[in-house]
Amino acid sequence: MEKILVLDFGGQYNQLIARRVRDNNVYAEILPYTTPIEKIRENGYKGIIFTGGPNSVYDMSSPHYSKEILDLGVPVLGICYGCQLIAWMSGGKVETAPVSEYGKIEFTAEKSLLFDDIPKKSIVWMSHTDYISTPGSGFRITGSTDDCPCAAMENNEKNIYAVQFHPEVTHSQFGSKILNNFLYKICRCSGDWVMDNFIENTVAKLRSEIGDKNVILGLSGGVDSSVAAGLLSRAVGNQLTCVFVDQGLMRKDEGDFVEKTFTELFDMNFVRINCKNHFLSKLKWVKDPEEKRKIIGAEFFNVFWNEIRNQKDKGFFAQGTIYPDCIESGKGDAAVIKTHHNRVKIPSDVQFAGVIEPLCDLFKDEVRRVGEKLGIPKELVWRQPFPGPGLGVRVIGEVTEEKIKVLQEADWVLRDEMAKNGYEKNLAQFFCVLPDVKTVGVMGDHRTYDHLIGIRAVTTDDFMTADWAKIPYDILAKVSNRITNEVAHVNRVVYDITSKPPGTVEWE
Ligand code: XMP
C-alpha cells in the first residue's frame, strides 16, 4: 500500500492533514519529528508532509529535523512551520514578520505543478507570526500575499514544495485541490486507500494482537463505541463482551434502547450494569466540571473492574476513542481543554492485558463511513454524539436525581420537535442543558421560581470548531412552549448562540 508520512512538528491540524490525504484515497500515517531518518527511509513513503507547529525555527529548543530528509529523493511538502523549517534547513532566512497574518488572506499563485488547475488568486487560511524573508538555496518563490512575499516556494530538482498557509483547512478555498496535486501529480500516488482496506487491515491487526484472549468493550450505544464493537466483533466474534454501564446519566429511555439494539442486532456477549444510585452518591455535592468528569470516568472504570474482578483471564480493555478525544486531552503540544472521559487513566489496581482503541486515528465522519461499511444500521451510525459523562456534564453544578429527570424530559421534547421538523439529520448535535439557576416566572396567577433550560444546537464537520445552529424562530418557539408546558419545574427556556471557539459544544 502506498503511504504518505505526515511528520508531526506539534501543530493543531496534524491529524487533519492525514485525514485530508486519506480523503484523497491515499493512506497517511503520522509520526513524531523524533522518528529516526532510518525508519523513514525503510518505510518507503511516496511523499512526506511537514506539519505546522507552534514554535519559531530559530528557537533552538523547537522541533527540528536532520537535513538528510530533503535528500531522500522523496517529494516533500512543508506546511506553515514546516514551510519555514524547509527554508531554514536549506540556508534561507526566517524572521518575525512585520505583519502577522491570521485568517482568510488572498493568495497569488505562480505557475507550479502544486497549483495546477487553481486560479491565480484565491483565498487561503494563514496563521503565522514568522515568515520567510529569503527562500533557501535552489528554491524559487511560487506564491505571495500582500504581507508575505514568500507564501509558497519550491525546488523542482529535488521535488520539495512549501506553503506558508494551511491547505488542510476548509477555509483555504482550493486547499484540497493543492493536496490532491501534491499526491497525484508530484508523488504520483495511485489512490489505493479505501475504507474497505482500513477495515481489512484493522481486523487483521486486531486478530493478531488479541490472539485467543478476551476483550471487554465499554459500550455507550453512541457511534464510536458501536463501530468499535462492530470491528471487534468481526475480528474476534464472541471473545468480545460489551459492557454497558448504565450510570443513570443517559437520555430518556436510552438504557433500554441500547440494550434492545445490541442484544437484537449483534452476535456478541452483552452485559448491562445498572448503577444509577452508585453514580449519584459519588456525585453528591460535587459542582466542579472537571471533578465531575474525573469521578464519572474513574467510577466507570471501577464498575468494569468489579464486573471482571473474578474472571481469571481479564483480557484486553477496548474503547471507542477517536481523534478529537486525544487532541483535546493534551496529546502532543496541544493545550488541555477538557479531560475527556475516554482518556481517563485506568486505576492502578485494574489490570488488563492492554488497551485497544481501534478508532483512535479517525475523525467522526471516517468512523461513520467504517460503520456503514460494517453494515451497522444507519440509525446507529448517524446517531448524534453523546459525551461519555452523559447528562452529568449537562446538569451544570451538582447532579441530583430530580435535575436529571427534568433535563431528560426537556431533552426528549427537543428531540421530538427536531425529528418532526426534519432537523435531526441536519444538525451535528442538539441537546438541552440544565444550568444551576432558578428564575422567577408567572404561571396562571402564581409566581413561580423554577428551573431554566438551555438549548444547545450546533453545526460542525469535525467538532474542533462549531457554529451555533440557525434554527427558525417558530421551531424554537414551539420547543420553548412545549417544554414550559409539559415539563414540570421549568419556567424559562434560553437558546445558546455561542460558537466554538470561544465556547465548547458542551457547557461543562
Ligand atoms: P466539546 O464540548 O469539547 O465537545 O466542544 C466536542 C464533542 O465531544 C463530545 N464530548 C465528549 N465525548 N467524552 C466523550 O466521549 C467526553 O467527555 C466528552 N466531552 C464532550 C461533545 O458532546 C461533542 O460532540
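What covers the buried residues of H13? In this predicted model, the cover includes strand S15 (429–433), S17, helix H14 (473–486) and S19. The buried residues of H13 itself are Lys403, Ile404, Val406, Leu407, Gln408, Ala410, Asp411, Val413, Leu414, Asp416, Glu417 and Met418, a list that holds charged side chains such as Lys403, Asp411, Asp416 and Glu417 alongside aliphatic ones such as Ile404, Val406 and Leu407. The length of the helix agrees with expectation, because at 1.5 Å a residue the 20 residues of H13 should span 28 Å, and the end C-alpha atoms are 29 Å apart. Just after H13, Gly422 takes a positive phi of about 75°.

Strand S15, which is part of this cover, is itself mostly covered, with 5 of its 5 residues buried. Gln429, Phe431 and Val433 point one way from S15, whereas Phe430 and Cys432 point the other way, and all of them are buried. Such a pattern is in keeping with the general rule that in a regular strand the side chains alternate between the two faces of the sheet. S15 pairs with S17 in the antiparallel sense over 5 bridges, and within this pairing Phe430 has Ala457 of S17 as its bridge partner.

Charged pairs were examined next. The count comes to 30 salt bridges in the model. In one of them, Lys420 and Asp416 have their closest N and O atoms 3.0 Å apart; the two residues are 4 residues apart in helix H13 (residues 401–420), and therefore separated by about one helical turn. The two ends of this bridge differ in their surroundings, since Lys420 counts as exposed at 57% relative accessibility, while Asp416 counts as buried at 19%. In another, Arg456 forms a salt bridge with Asp496, the closest N and O atoms being 3.3 Å apart. Arg456 lies in strand S17 (residues 446–459) and Asp496 in the segment after strand S19 (490–495), so this pair ties together parts that are 40 residues apart in sequence. Both Arg456 and Asp496 are buried. Elsewhere, salt bridges that share partners join Asp416, Glu417, Lys420, Lys478, Arg482 and Glu486 into one network.

A further salt bridge links Glu254 to Arg251, with the closest N and O atoms 2.8 Å apart. Glu254 is buried, with a relative accessible area of 4%, and Arg251 is buried as well, with a relative accessible area of 7%. Glu366, found in helix H11 (residues 364–373), presents a contrasting case, for this residue is buried yet has no salt bridge. The nearest side chain of opposite charge, Arg22, is 4.3 Å away from Glu366, and so falls outside the 4 Å limit that defines a salt bridge. When residues up to four places away in sequence are not counted, Glu366 touches Arg19, Arg22, Met195 and Asp361.

Turning to the sheets, an open sheet of 5 strands has the order S12-S11-S10-S13-S14, with parallel pairing. Strand S12 (269–274) and strand S14 (355–356) stand at the edges, each with a single partner strand, so one side of each is left without a neighbour in the sheet. Within this sheet, strand S10 (residues 215–218) and strand S13 (residues 316–318) run parallel and are joined by 3 bridges, Leu217 having Ala318 of S13 as its bridge partner. Helix H7 (residues 254–265) packs on the sheet, where it touches strand S11 (240–246) and S12, and the direction of H7 makes about 170° with that of S12.

An open sheet of 9 strands, with mixed pairing, has the order S2-S1-S3-S4-S9-S8-S7-S5-S6. The edges are formed by strand S2 (27–32) and strand S6 (121–134), each of which has a single partner strand, so one side of each is left without a neighbour in the sheet. The twist averages 20° from one strand to the next. Strand S8 (residues 152–155) and strand S9 (residues 160–163) run antiparallel and are joined by 4 bridges, with Val163 of S9 as the bridge partner of Ala152. Helix H3 (residues 81–89) packs on this sheet, touching strand S3 (47–50), strand S4 (76–79), strand S5 (93–109), S6, S8 and S9, and the direction of H3 makes about 115° with that of S4.

Methods:
Residues are numbered from 1 along each chain as its sequence is written. This is a predicted model: local features need pLDDT of at least 70, side-chain atom pairs count only at pLDDT 80 or more; totals for chains, interfaces and linings use all residues. Side-chain values use heavy atoms; hydrogens and water are left out. Buried means under 20% relative accessible area, exposed over 50%, partly exposed in between (1.4 Å probe, protein chains only). Lys and Arg count as positive and Asp and Glu as negative; His and the chain ends are not counted. Contact means heavy atoms within 4.5 Å. The expected span of a helix is 1.5 Å times one less than its number of residues. Two strands pair if DSSP finds at least two bridges between them. Axes are lines fitted to C-alpha atoms, for helices over the stretch in contact, and angles run from 0 to 180 degrees between N-to-C directions.
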